[in-house]
Amino acid sequence: MLMPKPDQGVIDRRAEIIAAMRAIVPGEGVIADDAMLKAFECDGLMAYRQLPLIVVLPETTAQVSEILKYCHDNGVKIVPRGAGTGLSGGALPLADAITLGLSKFNRVLDIDYANRCAVVQPGVTNLGVTKAVEGDGFYYAPDPSSQIACSIGGNIAENSGGVHCLKYGLTTNNVLGVEMVLMDGTVLRLGGKHLDPGGYDLLGVLTGSEGLLGVITEVTVRILKKPETARAVLLGFNSSEEGGDCVAAIINAGIIPGGIEMMDKPAIHATEEFVHAGYPMDVEALLIVELDGPKVEVDYLIERVGEIATGQGAIYSRISESEEERAAFWSGRKNAFPAVGRISPDYLCMDGTIPRKKLGLVLQRMTEMSDKYGLRVANVFHAGDGNLHPLIMFDANQPGELDRAEEFGADILKLCVEVGGVLSGEHGIGVEKRDLMGEMFTEDDLKQQQRVKCAFDPDHHLNPGKVYPTLHRCAELGRMHISRGQVPFPDIPRF
Amino acid sequence: MTEILKPDTADQVLDAVKWAVSEATPLDVRGTGSKAGFGRPVQAGRVLDLSNLAGITDYDPGELVLTAGPATPMTEIEQALAETNQELAFEPMDMSVLYGTDAGAGTLGGVIAANLSGPRRIKTGAARDHFLGFQAVSGRGEVFKSGGKVMKNVTGFDLSKLMAGSFGTLAVMTQVSVKVLPRPEKTRTILLMGADDTHAVAALCDALGSSHEVAGAAHLPASVAARSAVGYVSGAGTSVTAVRVEGPGPSVEHRCNSLRDLFAPFGAVEELHSHNSAAFWREVRDAAPFTGDWQDHQVWRVSVSPTAGPTVGQHLRARLGGEVYYDWGGGLIWFALDARSDAGAADIRRVIRDCGGHATLVRAAADVRQAAPVFQPQPGPLADLSKRVKEAFDPEGILNPGRMTAGV
């Protein structure tokens with residue numbers, strides 16, 4: 001992965017930068033020792049590693065502001081980092097950049113049930129938000145698989161998803177406001193406890209911006225009352241196409257389940273052998289459909305889902321009759337990644353979204369690619385919203401296998417775009433998919449996105465080298481090529 | 001006379017914008033012009049009329065995604081969705097009601113550009129939450145796209161969010177994709193009659209803090225309720241507090257019963273069934289209480305945290321007279337006051353200063369909207385950032401100059 005060439009001048013000033021940071025963040029908040037820096041050399045995408053220049057762990061917004069201002073004034077780059085669970089290398093350090101960790105921003109500041117929101121610091125874990133309110137029957141809806149460890153600030157940076165997205169929305173639909181710091185040290189508030197943002201929706205573009213626009217120091221999220229009950233049904237099919245068609249049929253019947261997940265045969269076998277969830281082993285595709293709400297609603301809808309599935313050719317159907325059984329149904333899906341880890345020395349977890357109706361085609365092409373590259377692939381799939389997670393199995397100790405796996409992964413993502421989908425459903429672009437952005441976007445598309453970057457961070461000090469394959473200088477992006485006489489007079493009807 | 005450019009294709013939109021840039025001629029970008037009364041009057045010598053960029057290009061109910069030209073009439077969208085029992089869940093308000101213009105004149109692009117929503121946004125959000133992707137021509141005269149036609153997407157910056165609510169000041173959309181959802185099988189509304197503000201607040205907090213998935217919560221003081229077209233509401237002779245419940249039949253029955261029990265200690269309880277329920281929430285959505293005899297009043301939409309609503313409402317009335325009603329769950333206050341030259345802008349914004357949120361002037365004569373800030377003025381650093389964002393898309397200030405902020 002080609003990263004921007006480190007600025008030797010900055011590296012040479014390391015001692016001076018450390019001193020400046022220690023003046024802002026006293027004590028253990030500045031990490032400069034190589035052994036300790038090692039803990040920060042990668043995020044959840046462990047294929048790429050780099051020791052940061054230094055790590056700084058501020059505790060207050062004022063410190064963040066001072067750090068950014070110093071870096072802005074002194075030409076030092078910043079890589080923001082939440083819990084480091086990101087899967088696309090968004091928090092990959094740079095040799096000439098400070099990694100700015102927000103882990104000490106870990107307090108729940110205000111729980112406001114009357115307004116159904118919670119104000120927390122960005123380092124609070126996703127599950128920590130729910131833990132803070134579940135005693136009163138509330139929860140925070142977006143639930144990435146890493147929710148026990150990932151931070152809410154990181155969730156906003158990556159617009160993370162989870163199994164609830166179809167019914168309850170992504171992170172972007174559940175964040176009401178933030179306090180953020182711009183690269184020049186300016187502290188801003190966007191949104192708040194009120195629902196409608198005023199002016200341009202800067203909070204909307206900040207969400208999912210992968211640490212390129214600002215550093216989040218406080219978050220206001222929507223919290224919801226927990227549904228009275230939830231039940232899940234397992235549905236087995238002879239083919240993934242039939243499974244996909246069943247999802248469409250459920251939605252066409254007007255039912256939006258709390259979650260619809262699908263696994264293909266390799267994923268079913270890997271997980272069943274690992275957690276013994278009771279999955280059928282003789283089906284090609286397995287759906288887990290969960291309905292949540294009042295008991296009477298769930299009982300009614302789960303019957304209807306069962307009828308729809310039968311009409312769609314389901315060859316296996318089992319409804320959870322207890323909370324334990326529901327948890328067992330999910331245990332396989334939730335352990336799919338470690339389960340695949342048991343049957344293959346290494347695997348790459350891909351993340352792309354497709355229109356659901358293209359599922360059959362995509363899976364068929366994936367099988368062909370699997371033959372071509374000589375690597376196995378298992379599929380878990382957020383079937384409700386079209387988000388695929390192919391797990392490409394390989395052995396890093398076999399020469400060339402990692403490269404083949406990466407090529408296989410890139411081919412899958414290109415296919416996602418080809419059939420009308422996108423490169424990432426919930427993991428983000430980071431460095432992992434950066435060089436594939438051109439598959440989906442034209443040069444003008446990418447330039448327009450980077451112009452927004454320039455409005456927030458004109459010198460590209462925040463997380464450079466991520467998301468965008470080429471770095472354009474803002475001055476260059478600002479050029480206009482249109483002037484009088486250069487454009488042919490358009491032939492447009494006038495009245 | 002204002003010259004009108006009326007492109008038939010996205011390519012012609014590109015040509016028109018390029019030409020406008022080369023001539024340094026600002027454009028008044030519009031679909032059918034149904035929201036010309038929303039925002040500051042645009043200072044532009046030419047109109048870019050997008051009304052020929054209409055029509056649904058792609059809609060597959062099983063995918064829950066619809067793609068259309070920006071000028072596709074909302075009536076066409078609603079009809080196509082109704083045929084498959086789906087809808088735009090964010091329930092966009094029809095602003096023609098407030099403006100007293102042709103009903104249903106709005107377009108899908110206009111709904112997104114104004115980020116409209118209705119009482120259901122406590123549950124499902126506003127237009128921005130359902131806006132998946134678009135193609136557009138920037139004010140630089142470049143074609144670009146963002147987002148996509150799938151529901152889960154983290155691929156590059158989410159420029160769709162910036163476009164929603166930007167009132168055509170950043171780029172001219174030529175195609176838009178939105179998320180659609182199934183229509184609820186059944187809808188009912190529970191009414192609490194005669195509750196004073198304190199009791200209404202308590203009852204609504206209980207309802208919204210329950211697991212009954214309330215999809216609309218409103219409080220109408222007696223004088224406002226009296227203007228409803230729904231007999232149960234206007235005939236009550238008291239204030240009316242309402243919550244809406246939607247979903248599969250048995251579930252709605254169950255939740256309605258629970259909510260009736262929950263409301264019972266606060267006063268008399270009534271229930272509106274499908275037709276009346278739909279009519280009532282349309283009135284709430286469209287600010288219908290401030291039409292007809294109230295057409296000459298100026299109207300503000302004030303957004304605060306829900307619990308701040310009643311206090312803000314009381315202070316507004318105490319300072320400026322007029323009337324309020326509450327789209328409670330969303331913390332939205334609709335406020336109508338006698339017409340005045342500054343529309344009471346400074347007073348209104350003083351009232352909400354300490355509780356966060358913002359106030360938008362949604363109905364007033366053009367000269368008033370020219371003089372008073374229609375949208376909430378932003379603190380300096382935020383205003384600067386917004387200005388830089390505008391310049392990132394439209395450095396020459398060609399698109400709808402002044403529509404949101406004077407001089408931008």
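**A tour of cysteines and helices**

Select Cys454(A): this residue is buried, with a relative accessible area of 12%. The model you have open is predicted.

**Stop 1: the disulfide in chain A**

Now add Cys474(A) to the selection. Cys474(A) is buried too, at a relative accessible area of 17%. Both values fall under the 20% cut-off for buried. Show the side chains of the pair. The sulfur atoms of Cys454(A) and Cys474(A) lie 1.9 Å apart and form a disulfide. The cut-off for such a link is 2.5 Å. Over all chains the count is 1 disulfide. Look along the S-S bond: the angle about it is -90 degrees, which makes the link of Cys454(A) and Cys474(A) left-handed.

Next, colour the two helices. Cys454(A) sits in helix H17 (residues 443–456) of chain A, and Cys474(A) sits in helix H18 (residues 474–477) of chain A, so the disulfide ties together parts 20 residues apart in sequence.

**Stop 2: cysteines without a disulfide**

Select Cys150(A). What is the nearest cysteine sulfur to Cys150(A)? That of Cys165(A), 12 Å away; Cys150(A) is in no disulfide. Cys150(A) has 3% relative accessibility and counts as buried.

Move to chain B and pick Cys256(B). Cys256(B) is in no disulfide either. Its nearest cysteine sulfur belongs to Cys205(B), 20 Å away. With 1% relative accessibility, Cys256(B) counts as buried.

**Stop 3: a helix pair in chain B**

Stay in chain B. Select helix H8 (residues 197–208) and helix H11 (residues 249–263). Their axes come within 10 Å and cross at roughly 150 degrees. That angle makes H8(B) roughly antiparallel to H11(B), because angles over 145 degrees count that way. The crossing of H8(B) past H11(B) is right-handed.

Which residues meet here? From H8(B), show Ala203(B), Leu204(B), Asp206(B) and Ala207(B). From H11(B), show Leu259(B), Leu262(B) and Phe263(B).

**Stop 4: helix H12 of chain B**

Select residues 274–285 of chain B, which form helix H12. Check its length from end to end. At 1.5 Å a residue, the 12 residues should span 16 Å, and the end C-alpha atoms are 16 Å apart, so the two agree.

Now colour by burial. The buried residues of H12(B) are Ser277(B), Ala279(B), Phe280(B), Trp281(B), Glu283(B), Val284(B) and Arg285(B). As you turn the view, recall that an α-helix has 3.6 residues a turn, so residues three or four places apart point the same way.

Finish at Ala287(B), just after H12(B). Ala287(B) takes a positive phi of about 55 degrees.

Definitions and conventions. Residues are numbered from 1 along each chain as its sequence is written. Chains are lettered from A and ligands numbered from 1 in the order in which they are written. This is a predicted model: local features need pLDDT of at least 70, side-chain atom pairs count only at pLDDT 80 or more; totals for chains, interfaces and linings use all residues. Side-chain values use heavy atoms; hydrogens and water are left out. Helices (H or I, at least four residues) and strands (E, at least two) are DSSP runs, numbered from the N terminus. The expected span of a helix is 1.5 Å times one less than its number of residues. Buried means under 20% relative accessible area, exposed over 50%, partly exposed in between (1.4 Å probe, protein chains only). Axes are lines fitted to C-alpha atoms, for helices over the stretch in contact, and angles run from 0 to 180 degrees between N-to-C directions. Angles under 35 degrees count as roughly parallel, over 145 as roughly antiparallel, 65 to 115 as roughly perpendicular and the rest as oblique. A crossing is left-handed if the near helix is turned anticlockwise from the far one by less than a right angle, and right-handed if clockwise. Contact means heavy atoms within 4.5 Å.
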